[in-house]
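Student: I have the sequence and the model open, and I would like to understand how the descriptive labels are earned. Could we go through them one at a time, setting each value against its cut-off?

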Amino acid sequence: MGCLFSKSSRRQAKKEKLEEEKAEEQDEVPEEEPIKLDPKDFIIENKKGETFGRTPGKVRGQQFMINNCEDCNIYIFDHIATVTIDDCTNCTIFLGPVQQSVYIRDCTDIRLMAACQQYRTRDCRKVDTYLCCTTQPVIESSTSMKFGCFQCFYPELEPQFHKAGLSVYNNNWSTIHDFTPVPGENNFSIMDNDEEASQLFSLPTADYFHSLQNKVAFTATKCVVPKTMGSRRKISDESCLIVFFNDGGQHYRAHKLVEEMRAHTKCNLVQTKELTMQLNDAKRVFMSDSYTHALKQGPVIGFEYNGDDCIQLCQQAVVAVMQGSTGLVFVSQNKSLAQQQIENFYNYADMQMGF
């Protein structure tokens, strides 16, 4: 039924256990000392033609505001509670993981990269956003908006995602809802798949970014958030569903799968999701009731790949990822069933996310 078990030797099992423990250690961040709050540390306003920012550990989950800035480069390399960006013009802004909402109001000519729970704009024009958003992004009274998938890496980024309560696999960057559509016009568009964030973003050389030099990369190949096609038109009528079940090592294997599949250029990653499944819904997706124990272990991670021969290529990639490991993974076995499995899985995911 598409499930694959792989038993390892003692040496192989020990190696995988060490790798998983290492990954978990990287996700674990030492307990931070209480931060002394000074409001001016969490606001950047009334600036022109300058570069500003915060390095990891300087914001630590506080609310942040960016107001009335022009021709500025602003980089916040930390996790944040909420962010408001008001009355800014011609600015480049990077935001680390935001636990709740990013609000952008009355802004023009903005290059923005953000990971957040909610994304909202109002009365904006020409905002290019590289986005990772848990819920459906919303624009209102905004025009000439462009969206692409989040593309960034620095060592502290993934632990910051965990602190902000975000999953790198729950990314609805392209499912834009326009509250104020104009008949016959489109207020937003999706960037070309080959557009790289590095064309718009680069780490400034300011002294306070010295600790991050050679550590930050604005590229999809290193990004902790998998680059997905989103709502772009699929290139093939063949798709494949892969689901890793929770056993403590599923995140490690999910990362490895994305790396493994990058070699198959004719297969595109359409969408990803991390969610907790109920037994009845799992039966509809996997067409089996043999996953009861696995589902009780916690959330699963699902992938949809699309492309000619992608089922066979995905099966081969999963075998490579599971080499010398124990665990349970579901992989579509044939084209006729795969599409229904994908629809059932992601329809359930959408309902769970509250769409």
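Student: Why is K234 called partly exposed?

Tutor: In this predicted model, K234 has a relative accessible area of 34%, and because buried means under 20% and exposed means over 50%, K234 falls in between and is called partly exposed.

Student: What makes K234 and E304 a salt bridge?

Tutor: The closest N and O atoms of E304 and K234 are 2.6 Å apart, and the criterion asks for a Lys or Arg side-chain nitrogen within 4 Å of a carboxyl oxygen of Asp or Glu, so the pair qualifies. E304 sits in strand β17 and K234 in the loop between β14 (188-190) and β15, so the bridge ties together parts that are 70 residues apart in sequence.

Student: Is E304 buried or exposed, and how do you know?

Tutor: E304 has 0% relative accessibility, so E304 counts as buried, the limit for that label being under 20%.

Student: How do you know that R253 and D247 form a salt bridge, and which label does each residue carry?

Tutor: Their side chains meet at 3.1 Å, N to O, and this value satisfies the requirement of within 4 Å. R253 is buried at a relative accessible area of 2%, whereas D247, at 39%, is partly exposed.

Student: Why is the pair of K256 and E259 called a salt bridge when the N and O atoms are 4.0 Å apart?

Tutor: The closest N and O atoms of K256 and E259 are given as 4.0 Å apart, and because the cut-off reads within 4 Å, the pair is counted as a salt bridge. Being three residues apart in helix α3, K256 and E259 are separated by about one helical turn, and they are both partly exposed, K256 with 33% and E259 with 46%. Elsewhere, salt bridges with shared partners join D38, K40 and D41 into one network, and the search of the whole structure finds twelve salt bridges.

Student: What makes the pair of Y75 and F218 tilted?

Tutor: The structure holds 19 aromatic pairs, and in this one the ring centres are 6.4 Å apart with 50° between the planes. Centres within 6.5 Å make a pair, and since planes under 30 degrees apart count as stacked and over 60 as edge-to-face, the rest are tilted, which is the label that Y75 and F218 receive. Y75 lies in strand β5 (residues 73-76) and F218 in the loop between β14 and β15, so this pair ties together parts that are 143 residues apart in sequence. Y75 is buried at 3%, and F218 is buried at 6%.

Student: Why, then, is the pair of F77 and F209 called edge-to-face?

Tutor: The ring centres of F77 and F209 are 5.8 Å apart and the planes stand at 85°, so the pair is edge-to-face, the limit for that class being over 60 degrees. F77 is in the loop between β5 and β6 (83-86) and F209 in the loop between β14 and β15, 132 residues apart, and both are buried. Y75, F77, F209 and F218 are among the members of one aromatic cluster.

Student: What does the largest nonpolar core contain?

Tutor: The largest nonpolar core has 50 residues, and those with the most contacts inside it include F77, F218 and F303. Helix α6 gives the most to this core, with seven residues. F303 touches, among others, I242, F244, L257 and Y346, not counting residues up to four places away in sequence.

Student: How do you know that T121 is buried, and what surrounds T121?

Tutor: T121, in strand β9, has 4% relative accessibility and so counts as buried, the label being given under 20%. Leaving aside neighbours within four places in sequence, T121 is in contact with I104, V138, I139, E140, S142 and M145.

Student: What makes S141 and D309 noteworthy in their backbone?

Tutor: Neither is a glycine, yet S141 has a positive phi of about 50° and D309 a positive phi of about 65°. S141 lies in the loop between β11 (138-140) and β12 (145-149), and D309 in the loop between β17 and α6. S141 is partly exposed at 36%, and D309 is partly exposed at 40%.

Notes:
Residues numbered from 1 in each chain as written. Predicted model: local features only at pLDDT ≥ 70, side-chain atom pairs only at ≥ 80, totals over all residues. Heavy atoms only, no water. Core = buried A, V, L, I, M, F, W, Y, C linked by side-chain atoms within 4.5 Å. Buried < 20%, exposed > 50% of the residue type's maximum accessible area, 1.4 Å probe, protein only. Helix = DSSP H or I, 4+ residues; strand = E, 2+ residues; numbered from the N terminus. Contact = heavy atoms within 4.5 Å. Phe/Tyr/Trp six-rings, centres within 6.5 Å; stacked < 30°, edge-to-face > 60°.
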